[in-house]
Amino acid sequence: QTYLANVFAKPVRAVSNDRAVVVRCYLDGPIGKPVTITAELRDGDRVMMTASTTVSAAADHYEVTLEGLGDVQLWNLKRPKLYQVAARLDNGDALTTRIGFREARFTDRGFFLNGEHVKLRGLNRHQTFPYTGGAMPARVQARDAAVLRTELKCNIVRTSHYPQSPAFLDACDELGLLVLEEIPGWQHIGDRAWQDLAVDNVSRMIRRDWNHPAIVLWGVRINESADNHDFYTRTNEAAHALDDSRQTGGIRNRYDSELLEDVFTM
């Protein structure tokens, strides 16, 4: 009855010699007796590091830290190196995800990836196809990432204006295509109940996609919407509480707009 509902494998201190991965495990079901959680960092078939913890009381999540990792290749635009993190319980339940070691920061001097300045060149991407809408299969979703990266020479894409196919995001991880992913919406802000759903959308987006190294910015503002201090304070707080390793942005179409996000995005 007890199983791994989600895993957030967060690389920390990626560009230093003491880099580590904090594996945050979310369990569902009762904990009637002590449960051992084991996490592994893998490079293909090679197990690089293993750590375990035993838990006996219910909590929001449990953490296992993989440290002392030694030589690790960084994820970058030219060599988007991916590793696997596997988490398992002693009852046999397991989850595996992919990660990349990278440090991505927007600063007042521009965008820096692993300490190197990168000039960003990107486009918006809708995943609604002619005649089929959103029903295109994974291979076609992934093909769009290849078009953006290899044919149009982009190094960043904005998922306008909603979280997009995991197949597309997987391809971005593999190709070295940075992503600004944003919550659903266009200009309209509704009543309090509507805003509650939008805040929940922030949580659902991040919980689904937080292991993608390509994602460098969470879009927590309704596209081209008016300022709303209380609402956007909530969306930013929700993002920072779930993932303190990424900055927030929110696309507006006017310059005299309140800056609540980490990055002023237009």
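**Strands, cores and cysteines**

Biologist: Which residue in β4 is the bridge partner of Ala 39?

Modeller: In this predicted model, Ala 39 has Ala 51 of β4 as its bridge partner.

Biologist: How many bridges do β3 and β4 share, and in which sense do they pair?

Modeller: Strand β3, residues 35-43, pairs with β4 over nine bridges, in the antiparallel sense. In general, the strands of a sheet pair through backbone hydrogen bonds, either parallel or antiparallel.

Biologist: What is the strand order in that sheet?

Modeller: The order is β4-β3-β6-β7, an open sheet of four strands with antiparallel pairing. At the edges are β4 (46-55) and β7 (94-99), each of which pairs on one side only. On average, neighbouring strands are turned by 15° against each other, direction ignored.

Biologist: Turning to the interior, which residues have the most contacts inside the largest nonpolar core?

Modeller: They are Phe 111, Cys 172 and Ile 206, in a core of 44 residues. Beyond its neighbours within four places in sequence, Ile 206 is in contact with Trp 218, Ala 239, Leu 242 and Asp 243. There is also a second, separate core of 27 residues, which includes Val 35, Ala 39, Val 64 and Val 72.

Biologist: Now the cysteines: how many disulfides are there?

Modeller: The count is zero.

Biologist: Why is there no bond between Cys 154 and the closest cysteine sulfur?

Modeller: That closest sulfur belongs to Cys 172 and lies 11 Å away, which is too far for a bond, because a disulfide needs sulfur atoms within 2.5 Å.

Biologist: Is Cys 154 buried or exposed?

Modeller: Cys 154 is buried, because its relative accessible area of 2% is under the 20% cut-off. Cys 25 also counts as buried, at 0% relative accessibility.

Key
Residues numbered from 1 in each chain as written. Predicted model: local features only at pLDDT ≥ 70, side-chain atom pairs only at ≥ 80, totals over all residues. Heavy atoms only, no water. Pairing = 2+ DSSP bridges. Helix = DSSP H or I, 4+ residues; strand = E, 2+ residues; numbered from the N terminus. Axes fitted to C-alpha atoms, helices over the stretch in contact; angles between N-to-C directions. Core = buried A, V, L, I, M, F, W, Y, C linked by side-chain atoms within 4.5 Å. Buried < 20%, exposed > 50% of the residue type's maximum accessible area, 1.4 Å probe, protein only. Contact = heavy atoms within 4.5 Å.
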